[in-house]
Amino acid sequence: MAEDCIFCKIVAGDIPIRQVYADDELLAFHDVSPQAPVHILVIPRKHISNMNEAAAADQPLLGAMLLRAAAIAKQQGLAESGYRLALNTGPDAGQSVFHIHLHILGGQRLEGRMG
Ligand code: 5GP
Ligand code: ZN
């Protein structure tokens with residue numbers, strides 16, 4: 001648990017969320033400020049700030065995040081219409097919470113291919 005990390009506080013149960021999924025290593029919940037009709041975050045319980053801090057030992061965890069995001073997208077009915085997975089790292093990507101998280105965005109045509 002990192003000091004002053006809002007997502008560590010969520011993992012600890014100190015901040016309420018609209019939970020979508022939970023297991024031993026991952027948590028998924030609705031983004032508090034949705035940028036699309038479906039906007040869900042998938043986070044590891046372990047604190048990793050972003051991809052700059054991810055290590056080879058985190059490979060299974062990162063893979064689990066991706067596969068869980070795909071399963072959640074399917075559950076949300078997005079498999080056919082499509083969706084975007086985004087993982088922001090650092091200032092130019094606009095990362096605002098420094099606890100790694102995968103955005104699942106969908107439910108409408110998303111503007112731009114990347115941004
Ligand atoms: P980033 O900009 O770092 O890639 O994304 C951080 C995301 O976390 C933002 O989309 C923001 O709305 C979301 N967020 C920040 N604080 C909270 C919170 O307390 N609860 C929830 N559910 N989402 C949050
Ligand atoms: Zn954290």
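In this predicted model, threonine 89 is in contact with Asn50, Met51, Asn52 and Gln95, once its neighbours within four places in sequence are left aside. One of these partners, methionine 51, offers its backbone nitrogen to a polar contact, the side chain of threonine 89 reaching that atom at 3.4 Å. Threonine 89 itself is located in the loop between strand 4 and strand 5, and with a relative accessible area of 25% it is partly exposed, because this value falls between the limits of 20% for buried and 50% for exposed residues. Twelve residues further along the chain stands histidine 101, whose C-alpha atom is separated from that of threonine 89 by 9.7 Å.

Histidine 101 also belongs to the surroundings of ligand 1, where 17 residues are found and where Asp31, Asn88, Ser96, His101 and His103 come nearest. Several polar contacts to this ligand can be described individually. The side chain of aspartate 31 places an N or O atom 2.5 Å from an oxygen atom of ligand 1, whereas histidine 30 contributes a backbone N or O atom, which lies 2.9 Å from a nitrogen atom of the ligand. Serine 96 likewise takes part through its backbone, with an N or O atom at 2.7 Å from an oxygen atom of ligand 1. Of the 530 Å² of accessible area that ligand 1 has on its own, 83% is covered by the protein.

The zinc ion (ligand 2) is held by four donor atoms from the protein, namely the SG atoms of Cys5 and Cys8 and the ND1 atoms of His47 and His99, at distances of 2.0 to 2.3 Å. The angles among these four donor atoms run from 106 to 116 degrees, and the site is accordingly classed as tetrahedral; for four tetrahedral donors the ideal angle at a metal is 109.5 degrees. Along the sequence, the donor residues follow the spacing C-x2-C-x38-H-x51-H. Distant parts of the chain are thereby linked, as cysteine 5 lies in the segment before helix 1 (6–11) and histidine 99 in the loop between strand 4 (83–86) and strand 5 (102–106), the two being 94 residues apart. Both of these donor residues are buried, since the relative accessible area is 7% for cysteine 5 and 0% for histidine 99, values that lie under the 20% limit. The loop between strand 4 and strand 5 thus holds the zinc donor histidine 99 as well as the partly exposed threonine 89.

Note on methods:
Residues are numbered from 1 along each chain as its sequence is written. Chains are lettered from A and ligands numbered from 1 in the order in which they are written. This is a predicted model: local features need pLDDT of at least 70, side-chain atom pairs count only at pLDDT 80 or more; totals for chains, interfaces and linings use all residues. Side-chain values use heavy atoms; hydrogens and water are left out. Donors are N, O and S atoms within 2.8 Å of the metal (3.2 Å for Na, K and Ca); water is not among the atoms, so sites may look incomplete. Four donors count as tetrahedral if all angles lie between 85 and 135 degrees; four count as square planar and six as octahedral if opposite donors are over 155 degrees apart and all others between 65 and 115; anything else is irregular. Helices (H or I, at least four residues) and strands (E, at least two) are DSSP runs, numbered from the N terminus. Buried means under 20% relative accessible area, exposed over 50%, partly exposed in between (1.4 Å probe, protein chains only). A residue is near a molecule or strand if one of its heavy atoms lies within 4 Å of it. A polar contact is a pair of N or O atoms within 3.5 Å; within protein, one must be able to donate a hydrogen and the other to accept it, and residues adjacent in sequence count only if both atoms are side-chain atoms. Accessible areas come from the Shrake-Rupley method with a 1.4 Å probe; for residues, only the protein chains shown count as cover. Contact means heavy atoms within 4.5 Å.
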